[in-house]
Amino acid sequence: QIKLVESGGGLAQAGGSLRLSCTASKSISSINKMNWYRQVPGMQRELVAGSTYKGVTNVVDSLKGRFSMARDVGGNTVFLQMNGLKPEDTGVYYCNAHGLDGEWNEYDYWGQGTQVTVSS
């Protein structure tokens, strides 16, 4: 089992920045993919960014230029840097660990989520 703990959420003004952290209970280099998702009010949970165990990261097109994902190389933490925040970025942000274990069983673990609120 992989435990994920997010932190860094809170209240920001429009145009401001927040940096979210997600710390896993094991090295992220052993996790196939670490992802950030968000769930905004009234919408389904959506992918924000992902990073493979090789360190390749990607942000969804609609958020490129404002959001970026980074990883603590050799460590247990991934980050989501959010700049130019907009009120529509308000929601709960979740960390996700996804992949296949050594016996080819799929795993999918989630953190508890961290609230981000952007005021206009």
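**Figure 1. Eleven strands and no helix: the whole chain.** The protein chain holds zero helices and 11 strands; both are DSSP runs numbered from the N terminus, with helices being H or I over at least four residues and strands being E over at least two. This is a predicted model, in which local features need pLDDT of at least 70 and side-chain atom pairs count only at pLDDT 80 or more, while totals for chains, interfaces and linings use all residues. Residues are numbered from 1 along each chain as its sequence is written, and side-chain values use heavy atoms, with hydrogens and water left out. Read from the N terminus, the order of elements is β-β-β-β-β-β-β-β-β-β-β. The radius of gyration of the protein chain is 14 Å, close to the 14 Å from the globule rule for 120 residues, so the chain is as compact as a globular protein of that length. For this comparison the radius is taken over C-alpha atoms, and the rule is 2.2 Å times the number of residues to the power 0.38. The C-alpha trace spans about 50 × 25 × 25 Å along its principal axes.

**Figure 2. Surface, charge and contacts of the chain.** The accessible surface of the protein chain is about 6,400 Å², and carbon and sulfur atoms own 49% of that area. Areas come from the Shrake-Rupley method with a 1.4 Å probe, and for residues only the protein chains shown count as cover. Buried residues account for 40% of the 120 residues; buried means under 20% relative accessible area, exposed over 50%, and partly exposed in between (1.4 Å probe, protein chains only). There are 11 positive and 10 negative side chains, and the centres of the two sets lie 5 Å apart. Lys and Arg count as positive and Asp and Glu as negative, with His and the chain ends not counted; each charge is placed at NZ of Lys, CZ of Arg, CG of Asp or CD of Glu. Among contacts with a separation of 6 or more, 54% link residues 24 or more positions apart, where contact means heavy atoms within 4.5 Å.

**Figure 3. The largest nonpolar core and its best-connected members.** This core has 27 residues, of which M34, W36, F67, L80 and M82 touch the most other members. A nonpolar core is a set of buried Ala, Val, Leu, Ile, Met, Phe, Trp, Tyr and Cys residues joined through side-chain atoms within 4.5 Å. At least two core residues come from each of β3 (18-24), β4 (33-39), β5 (46-52), β7 (67-71), β8 (77-82), β9 (91-100) and β11 (114-119). Strand β3 gives the largest share, four residues. In soluble globular proteins, nonpolar side chains tend to be buried together.

**Figure 4. Close-up of two core methionines, M34 and M82.** M34 sits in strand β4 and is buried at 0% relative accessibility. Beyond its neighbours within four places in sequence, M34 is in contact with L4, C22, I28, A49, G50, S51, M69, V78, C95, N96 and A97. One of these partners, C95, is 61 residues from M34 in sequence, with a C-alpha to C-alpha distance of 7.3 Å. M82, leaving out residues up to four places away in sequence, touches G16, S17, L18, L20, R66, F67, Y93 and V116.

**Figure 5. I28 and I31 in the loop between β3 and β4.** I28 is found in this loop, as is I31. I28 is buried at 1% relative accessibility, and I31 is buried at 0%. Residues up to four places away aside, I28 contacts M34, Y53, R71, D72, G75, N76, T77 and V78. On the same basis, I31 contacts I2, A24, K26, Y53, A97, H98 and Y107.

**Figure 6. A buried aspartate and a buried glycine.** D89 lies in the loop between β8 and β9 and is buried, at 0% relative accessibility. Not counting residues up to four places away in sequence, D89 touches R38, L63, R66, F67, G84, V116 and V118. G91 is in strand β9 and is buried at 3%. With the same exclusion, G91 touches Q39, V40, P41, T114, Q115 and V116.

**Figure 7. W104, exposed and with a positive phi.** W104 is in the loop between β9 and β10 (106-110), and its relative accessible area of 69% makes it exposed. Its phi is near 65°, a positive value in a residue other than glycine. Most residues other than glycine have a negative phi.
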